[in-house]
Amino acid sequence: FIFFGAGRKVTDDFHKKRARDLTAKIAFLGPSFIKLTQVISTRADIIPPLYLRELSRLHDEVPPVEFAVVKKVVEAEYGRPLGEVFEDFNTKPLAAASLGQVYKAKYRGEEVAVKVQRPGIHELVTIDLKIINRILDVLNHLFQSYQLRSLQVVIDEFSRTIYEEMDFEHEARN
């Protein structure tokens with residue numbers, strides 16, 4: 001407690017509830033925050049273990065984008081209706097991640113996986129990174145702590161690599 005004395009004592013159950021609430025709020029904030037949390041949730045030096053366990057759920061439990069939106073993205077990319085490109089396209093994603101989703105489809109008689117990027121993700125990530133960096137600047141100015149400096153290092157690295165991860169053509173070449 002910064003101004004008036006010792007901190008309050010809270011139970012593990014209290015922290016578990018806060019960790020669940022935090023995870024839900026991060027999922028609501030969207031792909032940039034989910035992806036950043038996935039990176040941070042590997043750093044036990046920044047986040048307490050009880051929170052790490054809950055936040056790590058965002059590795060596997062990212063809410064999918066509705067298929068109607070995904071269909072528009074695919075049709076815009078190919079410049080024609082989905083049915084003209086694929087013989088079959090499963091409307092339920094095999095996986096939903098922070099940056100995109102993977103679908104099972106049939107193309108020229110062959111089963112394929114189609115990875116579809118979340119719409120508007122590039123612009124959203126750019127805006128989110130600006131917000132995150134401004135918040136960290138203020139926090140670093142107000143509070144000097146090892147955890148904030150560590151978090152700044154993680155954010156800086158994340159800022160450099162996230163755009164590569166959004167380049168699915170680069171990913172396919174790798």
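The largest nonpolar core of this predicted model holds 27 residues, and Ile40, Ile47 and Ile162 are the ones that touch the most other members. Five helices each give two or more residues to this core: α1 (12-29), α2 (31-40), α3 (49-55), α6 (121-142) and α7 (146-166). The largest share, 7 residues, comes from α7. As a general background, nonpolar side chains in soluble globular proteins tend to be buried together.

A closer look at Ile162 helps to show how this core is put together. Leaving aside residues up to four places away in sequence, Ile162 touches Lys35, Leu99, Val125 and Leu129. Apart from the largest core lies another one, made of 12 residues, with Val65, Val74, Leu82 and Tyr103 among them.

Helix packing comes next, with α2 and α6 as the example. These two helices pack at an angle of about 65°, and their axes lie 8 Å apart. On the α2 side, the residues in contact are Pro31, Ser32, Phe33 and Leu36, and they meet Ile121, Leu124, Val125, Asp128 and Ile132 of α6. Sorted by class, the contact has 7 nonpolar residues, 1 polar residue and 1 charged residue. Val125 thus appears in two places in this account: in the contact with α2, and among the residues touched by Ile162.

A loop residue also deserves a visit. Ser98 sits in the loop between β2 (95-96) and β3 (100-107). With a relative accessibility of 1%, Ser98 counts as buried, because the cut-off for that label is under 20%. The residues around Ser98, not counting those up to four places away in sequence, are Pro31, Ile34, Lys35, Gln38, Val62, Arg118 and Ile121. Pro31 and Ile121 from this list are also found in the contact of α2 with α6.

Charged side chains form a further theme, and the model has 5 salt bridges. One of them joins Lys35 and Glu165, whose side chains meet at 2.8 Å, N to O. This pair links distant parts of the chain, since Lys35 belongs to helix α2 and Glu165 to helix α7, 130 residues apart. The two partners fall into separate accessibility classes: Lys35 counts as buried at 16% relative accessibility, while Glu165 is partly exposed, with a relative accessible area of 32%. Lys35 has already been met twice, as a residue touched by Ile162 and as one touched by Ser98.

Another salt bridge lies within helix α1, between Lys17 and Asp21. Their closest N and O atoms are 2.8 Å apart. Because these residues are 4 places apart in the helix, about one helical turn separates them. Lys17 is partly exposed, with a relative accessible area of 46%, and Asp21 is likewise partly exposed, at 32%. Glu54 and Arg57 form a salt bridge too, with closest N and O atoms 2.0 Å apart. Here Glu54 counts as buried, at 14% relative accessibility, whereas Arg57 counts as partly exposed, at 35%.

Helix α1 offers one last stop, at Arg20. Arg20 counts as partly exposed, with a relative accessibility of 43%. In sequence, Arg20 and Tyr51 are 31 residues apart, yet in space their C-alpha atoms are 8.2 Å apart.

Key:
Residues are numbered from 1 along each chain as its sequence is written. This is a predicted model: local features need pLDDT of at least 70, side-chain atom pairs count only at pLDDT 80 or more; totals for chains, interfaces and linings use all residues. Side-chain values use heavy atoms; hydrogens and water are left out. A nonpolar core is a set of buried Ala, Val, Leu, Ile, Met, Phe, Trp, Tyr and Cys residues joined through side-chain atoms within 4.5 Å. Buried means under 20% relative accessible area, exposed over 50%, partly exposed in between (1.4 Å probe, protein chains only). Contact means heavy atoms within 4.5 Å. Axes are lines fitted to C-alpha atoms, for helices over the stretch in contact, and angles run from 0 to 180 degrees between N-to-C directions. Ala, Val, Leu, Ile, Met, Phe, Trp, Tyr, Cys and Pro count as nonpolar, Asp, Glu, Lys and Arg as charged, and the others, Gly among them, as polar. A salt bridge is a side-chain nitrogen of Lys or Arg within 4 Å of a carboxyl oxygen of Asp or Glu.
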